Amino acid sequence: MVKYFLLCLLIALGVMAWSEVPVDRGPGITANKTPELILQRDLEDISYSNITLKPLGEISAEVRVLDKKRYFFDGMKNFSKYDVLVGWSELSDQRNLDYLHFKIKDRSFKYNKARLPLEPSVIDEQTALWHMIASTDEIKRGLASLRNGHIITIKGHIVDVVDVNGFTWQTSKQLVGRDKERPINEIILVTSLTKK
């Protein structure tokens, strides 16, 4: 019995270790387009499990995974187990990423500020933290298997979340230009996900 338990433990640890090995991409831009966001108003609510998703618009993108975090104990884990930090353009180039170390914690992210290869404004403009809500079991499995370095193609809805107790979790925005806002921490109901 102990041997069986140890074998299972070793297999589980091996799978966990494999999921942390980054995909090697080499130098060069691997995702060169900015995610396409189409913000809309007055869209119909989406019922999902025991929460209501209030769509703000649609997103489609091909981006590079910079970091991923799975949550086990926070309040949103029942519908959003994974946060994925993504980058595009210069933030998908390994030559820049060699000098940047990202860390996701408590549904936000930070990066080292020493020896930056790019201006902080460029880093902020070419990264996004996505709080992922899987629309299907297949997408749940796809999110679970993501590794740093994967290039993902994604489609979905940017949403705000309201649960039955009235708790609200909103996509955060920052002002871009005079009166325009750009989501910086998007909550996404993922309807399509592929990786390479």
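Student: How many bridges join strand 4 to strand 7, and do the two run parallel or antiparallel?

Tutor: Please note that the model is predicted. In this model, strand 4 (residues 82–87) and strand 7 run antiparallel and are joined by 6 bridges. To see one position in that pairing, take leucine 85: the bridge partner of leucine 85 in strand 7 is leucine 129.

Student: How many residues of strand 7 are buried?

Tutor: The general idea concerns the two faces of a sheet. In a regular strand, side chains alternate between these two faces. In this structure, strand 7 spans residues 127–134, and 8 of its 8 residues are buried. One side carries Thr127, Leu129, His131 and Ile133, while the other carries Ala128, Trp130, Met132 and Ala134; both faces are covered.

Student: Which strand is joined to strand 5, and what lies between the two?

Tutor: Strand 5 (residues 102–105) is joined to strand 6 by 4 bridges, and the two run antiparallel. Phenylalanine 102, for example, has tyrosine 111 of strand 6 as its bridge partner. Strands 5 and 6 form a hairpin with 2 residues between them. In the turn, aspartate 106 has a positive phi of about 55°.

Student: With which residues does arginine 107 form salt bridges?

Tutor: The general idea is that side chains of opposite charge can pair when their charged atoms come close. Arginine 107 forms a salt bridge with aspartate 74, with the closest N and O atoms 2.8 Å apart. Aspartate 74 lies in the loop between strand 3 and strand 4, and arginine 107 in the loop between strand 5 and strand 6, so this pair ties together parts that are 33 residues apart in sequence. Arginine 107 also forms a salt bridge with aspartate 83, where the closest N and O atoms are 2.7 Å apart. Aspartate 83 belongs to strand 4, and this second pair is 24 residues apart. Asp74, Asp83 and Arg107 are thus linked in a network of salt bridges.

Student: Are the residues of this network buried or exposed?

Tutor: Aspartate 74 and arginine 107 are both buried. Arginine 107 counts as buried because its relative accessibility is 9%, and the cut-off for buried is under 20%. Aspartate 83 is buried as well, with a relative accessible area of 0%.

Student: How many salt bridges are found in the whole structure?

Tutor: A search of the whole structure finds 6. One of them joins glutamate 62 to lysine 196, with the closest N and O atoms 3.5 Å apart. This pair links distant parts of the chain: glutamate 62 is in strand 3 (residues 51–70), lysine 196 is in the segment after strand 11 (180–195), and 134 residues separate them. Glutamate 62 counts as partly exposed at 31% relative accessibility, whereas lysine 196 is exposed at 54%.

Student: Which residues form a positive surface patch?

Tutor: The patch is formed by Lys69, Lys103, Lys105 and Lys110. Lysine 110 lies in strand 6 (residues 108–111). Lysine 110 is classed as exposed because its relative accessible area is 59%.

Student: Where does glutamate 125 lie, and how far is it from threonine 34?

Tutor: Glutamate 125 lies in helix 3 (residues 120–125). Glutamate 125 is partly exposed, with a relative accessible area of 49%. From C-alpha to C-alpha, glutamate 125 and threonine 34 are 9.3 Å apart in space, although 91 residues apart in sequence.

Notes
Residues are numbered from 1 along each chain as its sequence is written. This is a predicted model: local features need pLDDT of at least 70, side-chain atom pairs count only at pLDDT 80 or more; totals for chains, interfaces and linings use all residues. Side-chain values use heavy atoms; hydrogens and water are left out. Patches are made of residues with over 30% relative accessible area and no salt bridge: like charges are joined within 9 Å, nonpolar side chains (Val, Leu, Ile, Met, Phe, Trp, Tyr) within 5 Å. Accessible areas come from the Shrake-Rupley method with a 1.4 Å probe; for residues, only the protein chains shown count as cover. A salt bridge is a side-chain nitrogen of Lys or Arg within 4 Å of a carboxyl oxygen of Asp or Glu. Lys and Arg count as positive and Asp and Glu as negative; His and the chain ends are not counted. The place of a charge is taken as NZ of Lys, CZ of Arg, CG of Asp or CD of Glu. Buried means under 20% relative accessible area, exposed over 50%, partly exposed in between (1.4 Å probe, protein chains only). Two strands pair if DSSP finds at least two bridges between them.
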